[in-house]
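Colleague: I have just opened this one and would love some help. Could you walk me through the labels and how each one is earned?

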Amino acid sequence: MASETHNAADAAASAPGMPQLDFSTFGNQIFWLMVTLVVIYFVLSRIALPRIAAVLAERQGTITNDLAAAEDLKVKATEAEEAYNKALADARAEAQTIIAQAKAEIQADLDNATAKADAEIAAKLVESEKKIAEIREGAMQSVKDVAKDTAKEIVAAMGGKADARTVTAAVNARMKG
């Protein structure tokens with residue numbers, strides 16, 4: 001057995017080793033390498049690369065379309081914002097106009113009410129002036145009557161005699177000043 005193992009070891013040692021490194025088969029290996037590379041080249045160039053190129057072109061088209069759509073939406077959003085701002089400004093201007101009209105109407109109503117109240121006050125003032133004048137006239141007449149009666153009583157109490165005409169003249173002269 002030992003000689004058999006030794007023979008097997010010698011045979012293994014005399015064998016060329018890895019078949020890829022055997023110089024006697026290099027021509028054959030190069031031929032099949034070239035055939036394999038040509039087949040891989042044709043498979044890649046005719047089948048795989050066109051599919052990959054189509055997928056990349058489709059993705060690029062989708063990206064371009066999405067970017068264009070995004071730009072359109074951005075323009076529309078800008079226009080919508082401008083329209084909103086314009087509508088807001090118009091609404092504010094209209095509100096200011098309505099406020100100004102309401103203030104003018106309120107001021108006109110207030111002026112009318114003030115004028116009406118002034119007219120009523122003036123009418124009542126004239127009426128009050130008349131009443132005050134009547135009361136004053138009545139009071140003056142009452143003062144004159146009381147003064148005449150008092151003067152007659154004082155003259156009579158002092159023992160004198162005064163006629164009504166003299167007492168009236170004296171009271172009138174004293175009342176005038």
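Modeller: Happily; we will go from the whole chain down to single residues, and please keep in mind that this is a predicted model.

Colleague: How do you know how far the prediction can be trusted along the protein chain?

Modeller: The predictor's confidence, pLDDT, runs from 0 to 100. The mean for the protein chain is 87, and 90% of its residues reach 70 or more. Helix H1, residues 2-14, has the lowest mean among the elements, at 62, while H2 has the highest, at 92. Where pLDDT is low, the predicted coordinates should not be read in detail.

Colleague: What makes the pattern of the protein chain α-α-α?

Modeller: The protein chain has 3 helices and 0 strands, and reading along the sequence gives α-α-α.

Colleague: How do you know whether the protein chain is a compact globule?

Modeller: Set the radius of gyration against the rule. A compact globule of 177 residues would be near 16 Å, but the protein chain has 67 Å, so by this rule it is not a compact globule. The C-alpha trace spans about 200 × 45 × 25 Å along its principal axes. For a sense of scale inside the chain, the C-alpha atoms of Thr-25 and Glu-79 are 77 Å apart, with their positions 54 residues apart along the chain.

Colleague: How many of the residues count as buried?

Modeller: To be buried, a residue needs under 20% relative accessible area. Of the 177 residues, 2% count as buried. The accessible surface of the protein chain is about 15300 Å², and 64% of that belongs to carbon and sulfur atoms.

Colleague: Why is Thr-25 called partly exposed?

Modeller: Its relative accessibility is 28%. Partly exposed covers the range between under 20% and over 50%, so Thr-25 falls in that class. Thr-25 lies in the loop between H1 and H2.

Colleague: What makes Phe-26 part of a nonpolar patch on the surface?

Modeller: A patch residue needs over 30% relative accessible area. Phe-26, which sits in helix H2, has 33% and counts as partly exposed, so it passes that cut-off. Phe-23, Phe-26, Ile-30, Leu-33, Met-34 and Leu-37 make up the patch, with about 640 Å² of accessible area together.

Colleague: Where is the kink in helix H2 centred?

Modeller: The kink in H2, which covers residues 26-157, is centred on Leu-44 and comes to about 40°. After H2 comes Gly-159, with a positive phi near 100°.

Colleague: Why is the contact between Asp-90 and Lys-86 called a salt bridge?

Modeller: The cut-off is a side-chain nitrogen within 4 Å of a carboxyl oxygen. Here the closest N and O atoms are 3.2 Å apart, so the pair qualifies. Because Asp-90 and Lys-86 are 4 residues apart in helix H2, about one helical turn separates them. Asp-90 is partly exposed at 40% relative accessibility, whereas Lys-86 is exposed at 53%, a value over the 50% cut-off.

Colleague: How do you know that Lys-131 and Glu-127 meet in a salt bridge?

Modeller: Their N to O distance is 3.6 Å; the limit is 4 Å, so this pair also counts. Both lie in helix H2, 4 residues apart, about one turn of the helix. Lys-131 has 47% relative accessibility and Glu-127 has 46%, so each counts as partly exposed. A search of the whole structure finds 2 salt bridges.

Conventions: Residues are numbered from 1 along each chain as its sequence is written. This is a predicted model: local features need pLDDT of at least 70, side-chain atom pairs count only at pLDDT 80 or more; totals for chains, interfaces and linings use all residues. Side-chain values use heavy atoms; hydrogens and water are left out. The bend at a residue is the angle between axes fitted to the seven residues ending there and the seven starting there. Helices (H or I, at least four residues) and strands (E, at least two) are DSSP runs, numbered from the N terminus. Buried means under 20% relative accessible area, exposed over 50%, partly exposed in between (1.4 Å probe, protein chains only). The radius of gyration is taken over C-alpha atoms; the globule rule is 2.2 Å times the number of residues to the power 0.38. Accessible areas come from the Shrake-Rupley method with a 1.4 Å probe; for residues, only the protein chains shown count as cover. Patches are made of residues with over 30% relative accessible area and no salt bridge: like charges are joined within 9 Å, nonpolar side chains (Val, Leu, Ile, Met, Phe, Trp, Tyr) within 5 Å.
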